[in-house]
Amino acid sequence: MPAAETSAGRVSPGRVYLLLLLTTIFWGGTPVAGKLVLRDLPPLTVGVLRYGLATLLLLGVFWRQLPDPRSLRAQDLWILLWVGVLGTFLNHILFFLALLFAPASHGAIIPPTTSPIWTVLLAARLGRERVTVGQIGGMLLCLVGVVLVVRPERLATSAEASVLVGDLLFLLGGVAWGVYSYLSKVAMQRLSAVTTLTFGMSVGTVFLAPAALVEWPWSALGAAGAMAWGALGFLTLAGTVLSFLWWNVAIRRVGAGRTAVFSNLVPLFGVLLSWLVLGERLTVVQLVGGLLAVVGVLVCQGPSRPGRSS
């Protein structure tokens, strides 16, 4: 058993739940920090700095526990490739482009409440897990809630239509994250959480780097203020390294089901921090929609029994 997994097994359940609570606060603050850093830095450059620094931190701390890539099976390498492409490269692009158009509070609600739907559907199709009637009801409830948050009638005005573009990007990001979550679960059947995280982020950084050069970010990097660098530091350390690592360790220690329930707190903390830091406000209808989406995710994450996929 890898050392990282041995140490994870020694963490008490109470401490794991505390780390999960902190993780949801950090992830709730991610769209807020994203809005702050985008004031000074272009989105793809932010991704290279965020995940590049995170990869270096993980390599510096856990390099003795990481396997030699040459020792991995071809199947493991392919899964890690897609973990990096979906969870780091594509998810970052969709999420941060969405922040250019839509409020941070929308980013705290839409991706976390829609991604579990795709994880459940993929597990049913490929993992032979049976989808229950309750889960179907939860998915529908979640979708109704998201529609109330997005409010598609805003297409009537050009200014509101741009927000809708951002919400659509958030939805696509939820798809990428949902597939990433399933593939991470598959990868961690053979590999440690640290290995999955480090290799995935390094792959995503490699894909992001050439794309970021198109932004020609040199002048922006030189002119960025302390607020942007502080927000980037939060994204890198709290919103990426600690959160991803604690989340994956929790899956190993207390199980995917109990861990997934905590994702329902991300919209709550995200909306609260968006209001406190950015002054954003949601309408009553949107708040009701966010609550319905969270309840839908909670129902959707109910226990499922192994069965034959249809």
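## Cavities: the ground rules

A cavity here is a set of points on a 1 Å grid over the protein atoms alone where a 1.4 Å probe fits but cannot get out, and its lining residues have an atom within 4 Å of a point. Grid points are joined across faces, edges and corners, and a volume is the space filled by probe spheres set on the points.

The model is predicted, so to speak of local features takes pLDDT of at least 70 and side-chain atom pairs count only at pLDDT 80 or more, while totals for chains, interfaces and linings use all residues. Residues are numbered from 1 along each chain as its sequence is written, and side-chain values use heavy atoms, with hydrogens and water left out.

## The two cavities

Two cavities of 30 Å³ or more turn up in the structure. The second largest holds about 30 Å³ of space, and its lining is Val16, Leu19, Leu20, Trp246, Val249 and Ala250. Helix 2 (13-37) and helix 10 (226-254) each put in at least two of those residues; helices are DSSP runs (H or I, at least four residues) numbered from the N terminus. By class, that lining is six nonpolar, no polar and no charged, where Ala, Val, Leu, Ile, Met, Phe, Trp, Tyr, Cys and Pro count as nonpolar, Asp, Glu, Lys and Arg as charged, and the others, Gly among them, as polar.

The largest cavity comes to about 40 Å³. Around it sit Val83, Gly87, Thr88, Tyr180, Thr196, Leu197, Gly200, Met201 and Phe244. Helix 4 (74-99) and helix 8 (193-213) are the elements giving two or more residues to this lining, and helix 8 gives the most, with four. The class split is five nonpolar, four polar and no charged.

## Helix 4 and its partners

The axes of helix 3 (residues 43-62) and helix 4 come within 9 Å and cross at roughly 140°; axes are lines fitted to C-alpha atoms over the stretch in contact, with angles from 0 to 180 degrees between N-to-C directions. The pair is therefore oblique (not under 35 degrees, roughly parallel; over 145, roughly antiparallel; or 65 to 115, roughly perpendicular). In helix 3, Pro43, Leu44, Val46, Gly47, Arg50 and Tyr51 meet Gly87, Thr88, His92, Ile93, Phe96 and Leu97 of helix 4, contact meaning heavy atoms within 4.5 Å.

Helix 2 also crosses helix 4, at roughly 65° with axes within 10 Å, which makes the two roughly perpendicular. Thr30, Pro31, Gly34, Lys35 and Val37 of helix 2 meet Phe95, Phe96 and Leu99 of helix 4.

Technical notes
1 Å grid on protein atoms, 1.4 Å probe; cavity = no way out; pocket = protein on both sides within 12 Å on 5 of 7 lines; lining within 4 Å.
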